[in-house]
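User: Could you take a close look at one helix for me and tell me how it fits into the rest of the fold? I would enjoy a connected walk through it.

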Amino acid sequence: MEPIESFKSQVAENIRGLAADKDIQSLSRIWCRETNRNNYTYNFSWLGRPIIQYPQDIVAMQELIWQVKPDLIIETGIAHGGSLILSASMLALLDYCEAVEAHTTLDPKAARRRVLGIDIDIRAHNKAAIEAHPMSHRIDMIQGSSVVPEIVEQVREIAKDYKRIMVCLDSNHTHDHVLAELEAYAPLTGMDSYCVVFDTIIEDMLDDMFPNRPWGKGNNPKTAVWEYLRRLQEEGRSATDGAPLHFEVDKMVENKLLISVAPDGYLKRISS
Ligand SMILES: C[S@@+](CC[C@H](N)C(=O)[O-])C[C@H]1O[C@@H](n2cnc3c(N)ncnc32)[C@H](O)[C@@H]1O
């Protein structure tokens, strides 16, 4: 086997080993549970904006964006804007790399790849900081609940101009809300692209860990993913591109990360 293929197959073997290792899986769950008590996910920033994610999931997003090369990333849940800036910066790198490969001069302001963020409450200080960021020219923001028909319609209208769409759901984490977001936005996901549902980990945490939240065990993004995949399987649906809509949980992502807020949340759109 040639060296690059050989390295890839060694990595795949490593990941299979981690997936089969029950001790490391349960250690990882304990680690997530204990760090959650101190809001570990709040500790990081991306190009200066706070991002509420594990570093591992940030690396996974970088890998997926490089692989998919989306022209639009739709994100529900903006908060401080870190995930919008992450997506925008990755899209900027894709444009940069394509310009280098094509031997063309890059005009960053003319970039077509964009990020669309939706949040029910875009705080004034966060909005100002996102708009002042050098990546802001790639970012559009809509304020409103991600599941109300007017907002869904606005997003769908914008999405019509794009071909390779990636979706990230990270807003209200109740079952009903995420299920409604999946119904609204998952059909926009491009073929071989991803709909990433964050905070599915809530299902794997202890019952009493979210006392002041409307979500918890049995009522969270993971239960919504399970229900949505069941509906797709039983009822069959079409994506907005007209092709049948099928997703598989990309277990390779969570198996390699071990530490992730999105177990069962990396949904890859597949053709059948
Ligand atoms: C976990 S934070 C998002 C974190 C962000 N994606 C990041 O990685 O930094 C959740 C956000 O969802 C927003 N949110 C809550 N309910 C919502 C709804 N119904 N529609 C849209 N956004 C909502 C909150 O205002 C909050 O800013």
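**Helix α8 in its setting**

Analyst: Happy to! Let's begin with the surface of the whole protein, which exposes about 13,600 Å², with carbon and sulfur atoms supplying 54% of that area. Please keep in mind that this is a predicted model.

The secondary structure comes to nine helices and nine strands, and helix α8 is the part I would pick for your close look; it covers residues 221-235. What length should its 15 residues span? At 1.5 Å a residue, the expectation is 21 Å, and the end C-alpha atoms are indeed 21 Å apart, so the span agrees with the rule.

Which residues of α8 are buried? At the start of the list come P221, K222, T223, A224 and V225, and further along there are Y228, L229 and L232. As for their partners, the buried residues of α8 pack against a helix, α7 (175-185), and against three strands: β7 (194-197), β8 (246-249) and β9 (266-270).

Now for the approach to the helix. The loop between β7 and α8 holds G218. Leaving aside residues up to four places away in sequence, G218 touches E203 and T223. T223 is a familiar name here, being one of the buried residues of α8, so to speak a link from loop to helix, as G218 touches T223. For a sense of distance, take P50: 168 residues separate P50 from G218 along the chain, and their C-alpha atoms are separated by 29 Å.

For a companion view in another helix, try D95, which lies in α4 (residues 82-102). Is D95 buried or exposed? D95 counts as buried because its relative accessibility is 11%, and the cut-off for buried is under 20%. Beyond residues up to four places away in sequence, D95 touches L106, A111, R112, R113 and R138.

Stepping back, how does the overall fold look? With 272 residues, a compact globule would have a radius of gyration near 19 Å, and the protein agrees, having 19 Å. Along the principal axes, the C-alpha atoms fill a box of roughly 55 × 50 × 40 Å. Of the 272 residues, 49% count as buried. Among contacts between residues at least 6 apart in sequence, 71% join residues at least 24 apart. Finally, the charges: there are 29 positive and 40 negative ones, and their mean positions are 1 Å apart.

Methods:
Residues are numbered from 1 along each chain as its sequence is written. This is a predicted model: local features need pLDDT of at least 70, side-chain atom pairs count only at pLDDT 80 or more; totals for chains, interfaces and linings use all residues. Side-chain values use heavy atoms; hydrogens and water are left out. Helices (H or I, at least four residues) and strands (E, at least two) are DSSP runs, numbered from the N terminus. The radius of gyration is taken over C-alpha atoms; the globule rule is 2.2 Å times the number of residues to the power 0.38. Buried means under 20% relative accessible area, exposed over 50%, partly exposed in between (1.4 Å probe, protein chains only). Contact means heavy atoms within 4.5 Å. Accessible areas come from the Shrake-Rupley method with a 1.4 Å probe; for residues, only the protein chains shown count as cover. Lys and Arg count as positive and Asp and Glu as negative; His and the chain ends are not counted. The place of a charge is taken as NZ of Lys, CZ of Arg, CG of Asp or CD of Glu. The expected span of a helix is 1.5 Å times one less than its number of residues.
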